[in-house]
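Open the structure in your viewer and keep the selection tool at hand. This tour moves from stop to stop, and each stop says what to select.

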Amino acid sequence: MNDMDYIISELIAILLVIGIPVGLLIFFIVSLVNFCRTPKDHPKYRGRKTAFIVSAVLLGLLITLIIGFMVLLTSSMNHM
């Protein structure tokens with residue numbers, strides 16, 4: 001049973017490390033395409049604009065998190 005717990009924890013870690021960034025990138029691309037293809041007088045324009053802004057903010061937060069992690073990693077490597 002211990003091996004199964006290890007496999008499940010590894011799958012969860014892979015999902016978190018790879019799945020969330022890929023999902024955010026796909027969400028950003030889809031919302032960008034939907035926003036660009038929708039005419040301004042269409043009723044769904046405002047909702048798609050909101051979805052695009054939310055996806056851009058989430059992608060920006062992810063990029064900021066990755067850059068911050070890299071800066072901390074570089075700093076810790078320099079002080080070893």
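**First stop: a serine**

Select Ser31: its relative accessible area is 5%, and Ser31 is buried. Buried means under 20% relative accessible area, exposed means over 50%, and partly exposed lies in between, with a 1.4 Å probe and protein chains only. Ser31 lies in helix α1. Now show its side chain, which reaches the backbone oxygen of Phe28 at 3.0 Å. A polar contact is a pair of N or O atoms within 3.5 Å; within protein, one must be able to donate a hydrogen and the other to accept it, and residues adjacent in sequence count only if both atoms are side-chain atoms.

A word on the model: it is predicted, local features need pLDDT of at least 70, side-chain atom pairs count only at pLDDT 80 or more, and totals for chains, interfaces and linings use all residues. Residues are numbered from 1 along each chain as its sequence is written, and side-chain values use heavy atoms, with hydrogens and water left out.

**Zoom out**

Show the whole protein as a cartoon. How many helices and strands does the protein have? There are 2 helices and 0 strands. Helices (H or I, at least four residues) and strands (E, at least two) are DSSP runs, numbered from the N terminus. The radius of gyration is 19 Å, well over the 12 Å that the globule rule gives for 80 residues, so the protein is more spread out than a compact globule. That radius is taken over C-alpha atoms, and the rule is 2.2 Å times the number of residues to the power 0.38.

Turn the C-alpha trace along its principal axes. It spans about 55 × 40 × 15 Å. Of the 80 residues, 11% count as buried.

Switch on the surface. About 6800 Å² is exposed, and carbon and sulfur atoms supply 75% of it. Accessible areas come from the Shrake-Rupley method with a 1.4 Å probe; for residues, only the protein chains shown count as cover.

**The rings**

Select Phe28, Phe35, Tyr45 and Phe52. Ring pairs link these residues into a cluster. A search of the whole structure finds 3 aromatic pairs. Rings of Phe, Tyr and Trp (its six-membered ring) pair if their centres lie within 6.5 Å; planes under 30 degrees apart count as stacked, over 60 as edge-to-face and the rest as tilted.

Keep Phe35 and Phe52. Their ring centres are 5.4 Å apart and their planes are at 0°, so the pair is stacked. Phe35 lies in helix α1 (residues 2–37) and Phe52 in helix α2 (residues 45–78), so the pair ties together parts that are 17 residues apart in sequence. Is Phe35 buried or exposed? At 18% relative accessibility, Phe35 counts as buried.

**Along helix α2**

Stay with Phe52 and add Ser55. A polar atom of the Ser55 side chain lies 2.9 Å from the backbone oxygen of Phe52. Ser55 is found in helix α2. Its relative accessible area is 0%, and Ser55 is buried.

Next, pick Lys49, also placed in helix α2. Lys49 is partly exposed, at 40% relative accessible area. Add Thr38: 11 residues separate it from Lys49 along the chain, and their C-alpha atoms are separated by 9.5 Å.

**Back to helix α1**

Select Ser9, which is found in helix α1. At 37% relative accessibility, Ser9 counts as partly exposed. A polar atom of its side chain lies 2.8 Å from the backbone oxygen of Tyr6.

Last, select Gly19 in helix α1. Gly19 is partly exposed, at 32% relative accessible area. Add Leu61: Gly19 and Leu61 are 42 residues apart in sequence and 16 Å apart in space, C-alpha to C-alpha.
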